[in-house]
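Have the model open while you read. We'll take a stroll through a strand and its neighbours, then drop in on a pair of helices.

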Amino acid sequence: MTWTDEEIRDDGFDDWLDAVATGEGYYLECPDGHASLPPRLVCPDCGATDLSEALLADAGEVVTYTIVHVGTGAFDDQTPYVVAIAEFDGVRITGLVRGVDPDDVETGAPVEVTVGENPATGDRVVVHRAR
Amino acid sequence: MSRVRVAGVGLTEFGRTPERTGRELFAEASARALDDAGVDREAVSALHYGNFMGALGERQGHQAPLMAEAAGLQCPATRYELACASAGAAVRGAVQSVRGGEADVVVAGGMERMTNRTIEETTEALAIAADELFEVRAGVTFPGAYALMARSYFERFGGGPEDLAHVAVKNHANAVPNEYAQYREAIAVEDALDAPTIADPLGLYDSCPVTDGASAVVLVSESYAEANDVDAAVAVVGSGQGGDRLALQDRTSPARTPATDDAAAEAFADAGRSREDVCAVEVHDCFTIAEVCALEGLGFYDPGEGVGAARRGETTADGDLPVNLSGGLKAKGHPVGATGGSQVAEMTRLLRGDHPNSDAVDGTVGLTHNAGGTVASAVVHLLEAVE
Ligand SMILES: [Zn+2]
């Protein structure tokens with residue numbers, strides 16, 4: 001017996017993915033201007049609780065990346081694949097890099113954040129698409 | 001405040017022993033520690049036990065009382081989970097309980113059984129030390145996370161794979177005489193550089209192995225040692241712990257590990273010692289780049305200077321500051337939840353003079369550094385030979 005046959009969403013996180021998927025990605029901003037990503041009730045930098053949604057910048061750039069040759073179960077048939085941390089006007093997001101040959105990725109490369117699918121699991125995954 | 005002495009240490013031979021249960025591994029390490037201490041089991045008033053992935057690796061939760069039972073201890077037991085820093089945190093909890101006067105004799109340590117599952121399952125279990133929503137689901141593996149740090153370091157400060165290869169060569173050389181080490185073969189720089197890539201820019205020889213093993217230390221108050229004539233020649237003189245945001249994306253720089261800075265600052269202030277006093281260091285080198293970040297975070301090198309330390313011969317066994325004389329996680333092995341206790345055990349042996357590499361130690365103060373995940377947690381201890 002299970003509680004439900006439905007896929008359980010992660011409040012905040014899946015809502016954020018929904019927004020990123022439609023090009024309306026956001027981050028959370030506290031009154032002091034600290035940025036963070038949901039789900040979050042409290043600013044991790046200063047403890048403020050009045051967090052508001054602000055639009056993510058369209059254009060980001062790769063801060064650091066790796067080409068993964070040995071993956072975990074959900075990714076092991078997709079190697080080699082590229083994971084990068086990209087920065088969007090001060091907000092950093094981790095995602096798969098797609099739309100470019102792995103050997104051509106470099107730090108500073110322009111990307112936009114979207115939502116793709118992990119073909120092995122069908123799960124949604126954050127994707128940094130080369131611009 | 002009571003001063004804390006290390007009365008005894010015990011380790012299993014680190015390696016690949018998939019059939020050995022966790023309870024058997026910890027029973028062996030704790031028996032060796034109690035024998036080394038010459039302390040009665042009945043005197044032990046608590047077990048502080050570290051373990052990371054036992055719920056996945058052995059389908060065993062609630063491990064602490066099971067391990068007390070395996071060790072033949074009739075006392076309360078608590079498990080500490082802080083990813084790869086679990087046993088460091090357990091030792092710190094034990095130190096604090098003795099200092100606070102709550103306990104006179106305690107056992108601390110940890111255990112991890114890792115090779116009884118497939119490589120994919122163990123890789124997946126290790127990955128859960130990262131942020132599930134923002135890192136693991138985006139394909140970040142444990143080596144991948146350190147690769148993100150390594151590339152960031154190289155681009156900000158310079159250095160490259162050849163510098164890291166020298167770290168691996170050094171730690172393998174140190175492991176050769178260590179009877180507890182998993183890999184007791186020397187390697188050459190070319191071996192490391194020619195090894196397959198696991199997460200670019202890191203190769204197979206930049207990574208620690210997957211290891212089964214357990215560690216235990218018996219800590220006693222100085223007053224107990226004196227009253228009971230316990231030979232405990234090493235004291236724990238400083239303890240510190242630092243924390244940071246869990247995900248790399250939320251750190252100011254992926255090339256720096258400030259949790260280590262904080263843990264070291266607290267431990268040095270606690271001990272009233274300076275970095276110049278330290279004659280040997282065991283740092284958390286789960287990957288070669290981690291040793292570099294650790295040495296800089298601990299304050300032995302300025303940012304950007306640590307990457308060439310092994311290549312320049314400064315951290316080799318005959319260098320000014322020998323680092324990872326045990327072989328480190330890289331060559332001695334990394335049974336994740338046992339490592340912090342193993343570092344304290346090895347440093348105790350190094351300072352007492354009964355480690356095969358004790359001749360390389362020129363002084364009385366040693367430092368251990370245990371880190372969790374990508375150093376969202378760090379635990380530092382300072383040990384000193386006192387008699
Ligand atoms: Zn804030």
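What follows is a short tour of two spots in chain B of this predicted model.

Start with strand β4 of chain B, which covers residues 105–112. How many of its residues are buried? The count is 8 of 8, so to speak of this strand as mostly covered is fair by the definition of buried as under 20% relative accessible area. Look at the two faces of β4(B) and you'll find cover on both. On one side sit B:V105, B:V107, B:G109 and B:M111, and on the other B:V106, B:A108, B:G110 and B:E112, all of them buried.

Now for the strands that pair with β4(B). Here are two of them, each with the residue that sits across from B:V107:

| Partner strand | Residues | Direction | Bridges to β4(B) | Partner of B:V107 |
|---|---|---|---|---|
| β2(B) | 46–50 | parallel | 5 bridges | B:L47 |
| β7(B) | 213–221 | antiparallel | 8 bridges | B:V218 |

So much for strands; on to the helices. Helix α7 of chain B (residues 161–175) packs against helix α11 of chain B (residues 288–297), with the axes 8 Å apart and an angle of about 95 degrees between them. Why call the two roughly perpendicular? Because angles from 65 to 115 degrees count as roughly perpendicular, α7(B) and α11(B) earn that label.

Which residues make the contact? From α7(B) come B:L164, B:V167, B:A168, B:K170 and B:N171, and they meet B:T288, B:I289, B:E291 and B:V292 of α11(B). Sorted by type, the residues of this contact are 5 nonpolar, 2 polar and 2 charged.

Key: Residues numbered from 1 in each chain as written. Chains lettered and ligands numbered in written order. Predicted model: local features only at pLDDT ≥ 70, side-chain atom pairs only at ≥ 80, totals over all residues. Heavy atoms only, no water. Buried < 20%, exposed > 50% of the residue type's maximum accessible area, 1.4 Å probe, protein only. Helix = DSSP H or I, 4+ residues; strand = E, 2+ residues; numbered from the N terminus. Pairing = 2+ DSSP bridges. Axes fitted to C-alpha atoms, helices over the stretch in contact; angles between N-to-C directions. Parallel < 35°, antiparallel > 145°, perpendicular 65-115°, else oblique. Contact = heavy atoms within 4.5 Å. Nonpolar A, V, L, I, M, F, W, Y, C, P; charged D, E, K, R; others polar.
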